[in-house]
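Thanks for asking me to look this over. My notes follow as numbered points, best read with the structure open beside them.

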Amino acid sequence: MNYHFKKLLIFIYLVFFNNLIYAKDTNNLKKYENELGEIIQELVYKYKIDQDYATKALYSIEFKDKILKIMANAPERKDTWQEYKSKYLTSERIRLGRKYFNDNYTLLKQIENNYGVPAEVIVALLGVETNYGGYTGNYKILNALGTLALKHPKRNKFFKAQLKNFIILTYRNKLNYNKLYGSYAGAMGLPQFMPDNYRKLAVDYDGDGNTDLWNSKLDIYASIANFLKNHGWKTNEKIYSNIKIDEKHYKEIFKKGDVRTVSISEKNIQKYNIPKNKILNKNYLILLSKKYNKYLIGYTNFKVIMRYNPSTFYAMVVTNLSEKVVLKNNE
Ligand SMILES: [Ca+2]
């Protein structure tokens with residue numbers, strides 16, 4: 001078949017087929033009338049949201065089945081530490097991070113002094129989440145959360161709670177739910193806050209009456225710092241240390257050899273002869289790579305970073321990036 005003709009056919013097929021899906025999905029909202037009714041009831045009676053507002057918002061959900069497919073096909077985390085690190089800790093991300101750190105130094109330090117969370121950790125989280133604001137997501141949050149809340153076979157309960165939080169958030173903060181975009185899972189703004197965290201932990205630091213995680217640097221930095229502080233960040237404490245312990249000891253802890261962060265008791269710290277951190281602090285043994293015997297000891301702050309994303313690799317990459325953004329170019 002002629003190449004261009006084939007392309008044209010595919011194009012016609014896609015336009016036609018997508019329209020069919022669209023029409024079908026809009027009608028499909030009727031199928032969820034009971035569920036939507038329950039959500040509206042809760043929003044109105046428990047959270048004092050205006051009924052017309054909640055109804056109008058929820059009935060303007062357009063299902064995006066593509067998101068269900070993305071969720072279903074999300075690759076399982078099979079990366080090794082080396083692979084993960086090379087994806088996120090690129091020289092470009094480090095370079096941009098240094099520039100971002102220097103360009104916004106005054107505002108970042110203002111937040112660091114107020115919350116006790118290092119500026120470089122805030123920058124590193126922004127770097128890993130959205131490439132310092134370079135990409136905050138193109139999915140309409142209402143449609144993403146609506147699709148996942150009503151149609152996700154397993155995680156619908158989680159996303160239903162997020163959808164409710166989203167409606168409460170937009171109503172109380174006078175945000176336009178038709179104009180908010182983010183990740184396919186509903187994470188918003190430069191720090192990629194889910195609606196529940198946006199509602200509970202985001203901060204209107206610049207005091208303009210709006211908590212704006214897209215445009216206000218002070219709001220963005222303060223919200224990240226507040227999130228970490230709220231989850232137990234310890235000011236002036238290290239995130240981790242490199243240690244050496246006997247092979248038989250870590251093999252005892254990581255019997256299966258899978259990447260993990262596990263708490264280690266005082267008793268074992270002595271038994272394994274691990275140099276004790278002077279500060280009283282919870283200790284975790286972290287395995288990054290069994291093959292290369294790469295393990296280290298983490299403290300409370302490592303676990304706090306994992307509250308942002310419960311992945312050992314994630315917390316380690318954020319930590320490494322934070323170390324690199326404060327160094328000069330030639331270090
Ligand atoms: Ca603000």
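1. Which residue takes a positive phi in the hairpin of E5 and E6? Please keep in mind that this is a predicted model. The residue to look at is asparagine 293, with a positive phi near 50°. The hairpin has four residues between its strands.

2. The two strands of that hairpin pair in the antiparallel sense, with five bridges between E5 and E6 (residues 294-298). If you would like a pair to click on, isoleucine 286 has leucine 296 in E6 as its bridge partner.

3. E5 also pairs with strand E4 (residues 260-263), again in the antiparallel sense, here over four bridges. One pair to inspect is serine 263 with its bridge partner in E5, tyrosine 284.

4. How much of E5 is buried? Five of the six residues in this strand (residues 284-289) are buried, so it is mostly covered. As a reminder for viewing, side chains in a regular strand alternate between the two faces of the sheet.

5. Stepping back to the whole protein chain, you will find 16 helices and six strands. Of its 331 residues, 38% are buried. Among contacts with a separation of 6 or more, 67% join residues 24 or more positions apart.

6. Helix H12 (residues 217-230) deserves a careful look. Its 14 residues should span 20 Å at 1.5 Å a residue, because the expected span is counted over one less than the number of residues. The C-alpha atoms at its ends are 20 Å apart, which agrees. Just after H12, glycine 232 takes a positive phi of about 100°.

7. H12 is mostly covered, with 10 of its 14 residues buried. Among them are Asp219, Tyr221, Ser223, Asn226 and Phe227. What do the buried residues of H12 pack against? Their partners are four helices: H7 (105-115), H8 (119-130), H11 (195-201) and H15 (300-305).

8. Now for the nonpolar core. The largest one has 86 residues, and Ile122, Leu125, Leu145 and Ala225 have the most contacts inside it. H8 supplies the largest share of this core, eight residues. Ala225 is also one of the buried residues of H12.

9. Finally, a word on leucine 145. Which residues is it in contact with, leaving aside its neighbours within four places in sequence? Phe159, Gln162, Leu163, Phe166 and Gly186 are the ones to display around leucine 145.

Methods
Residues numbered from 1 in each chain as written. Predicted model: local features only at pLDDT ≥ 70, side-chain atom pairs only at ≥ 80, totals over all residues. Buried ≥ 20, exposed ≤ 12 C-beta atoms within 10 Å, placed from the backbone. Pairing = 2+ DSSP bridges. Contact = placed C-beta atoms within 7 Å. Core = buried A, V, L, I, M, F, W, Y, C linked by C-beta atoms within 7 Å.
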